[in-house]
Amino acid sequence: MNKAYFETYLERQKAAYDAIPIDQVEHIINLIKKCWEEDRQLFAFGNGGSASNVSHFITDLGKSASDRMGKRFRCLSLNESISWITALGNDYAYEDVYVQQLHNYAQPGDLVLTLSVSGNSPNVVKAIHWAKENGLTTIALVGGNGGRLAAIADEVIIVQDEHYGRVEDAQMTICHMLCYGFIES
């Protein structure tokens, strides 16, 4: 590796940040605010690095944004319970690890947010499909061409890159914007 590699990496990361559609971020913040106002639940999930970003997002929203708003956000990361995920994966299939949890918790009018670089992970696609069929509003933050999620989610933000690291960094920035829109506004 050399300096030119890192300079190019940062240039591409800045381009991904510059392409974030602020109007869509604001629209999603308004959906989250409506969810909060109506005392509905927000469910979020992802795989790998996206799962880590989801956990971070839910922590920021559930703790820091809730502290600022005075009323708690009812939010839950569905990728947190390894025992539940492995039980569902073992007894059903890995593609069911999120949809089965939604069966337990979700109600029409709730909000679902997923992060996926490819937009094609069967477990998140299946959960978003089920959520839409059952009256939940669905949001997908995806990379590249958006994959299958871009075609089915109600609200989609596509990070204009296919590099997993850059997409995940941009998705986390969007998640921070969603939280800090409540914390600092």
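Me: What kind of β-α-β unit do β4, helix α7 and β5 make, right-handed or left-handed?

Reply: Right-handed, with helix α7 covering residues 147–152. A crossover gets that label if, with the strands pointing away from the viewer, the path from the first strand over the helix to the second runs clockwise. Bear in mind that this is a predicted model, where local features need pLDDT of at least 70, side-chain atom pairs count only at pLDDT 80 or more, and totals for chains, interfaces and linings use all residues. Residues are numbered from 1 along each chain as its sequence is written, and side-chain values use heavy atoms, leaving out hydrogens and water.

Me: How do you know that β4 and β5 pair?

Reply: Strands pair if DSSP finds at least two bridges between them. Strand β4 (residues 137–143) and strand β5 (residues 155–159) share five, in the parallel sense, so they qualify. In one of them, Leu141 has Ile157 of β5 as its bridge partner. Strands here are DSSP runs of E, at least two residues, and helices are runs of H or I, at least four, both numbered from the N terminus.

Me: What makes β2 and β5 edge strands?

Reply: Each pairs on one side only. The open sheet has five strands in the order β2-β1-β3-β4-β5, with parallel pairing.

Me: Why are α3 and α8 called roughly parallel?

Reply: Helix α3 (residues 49–69) and helix α8 (residues 164–183) pack at about 10°, axes 9 Å apart. Axes are lines fitted to C-alpha atoms, for helices over the stretch in contact, and angles run from 0 to 180 degrees between N-to-C directions. Anything under 35 degrees counts as roughly parallel, so α3 and α8 fit. Contact (heavy atoms within 4.5 Å) involves residues including Phe57 and Leu61 of α3 and Met172 and Phe182 of α8.

Me: Where does α3 lie on the sheet?

Reply: Across β1 (41–45), β2 and β3 (111–116), at about 160° to β2. Over 145 degrees counts as roughly antiparallel, so α3 and β2 get that label.

Definitions and conventions
Angles under 35 degrees count as roughly parallel, over 145 as roughly antiparallel, 65 to 115 as roughly perpendicular and the rest as oblique.
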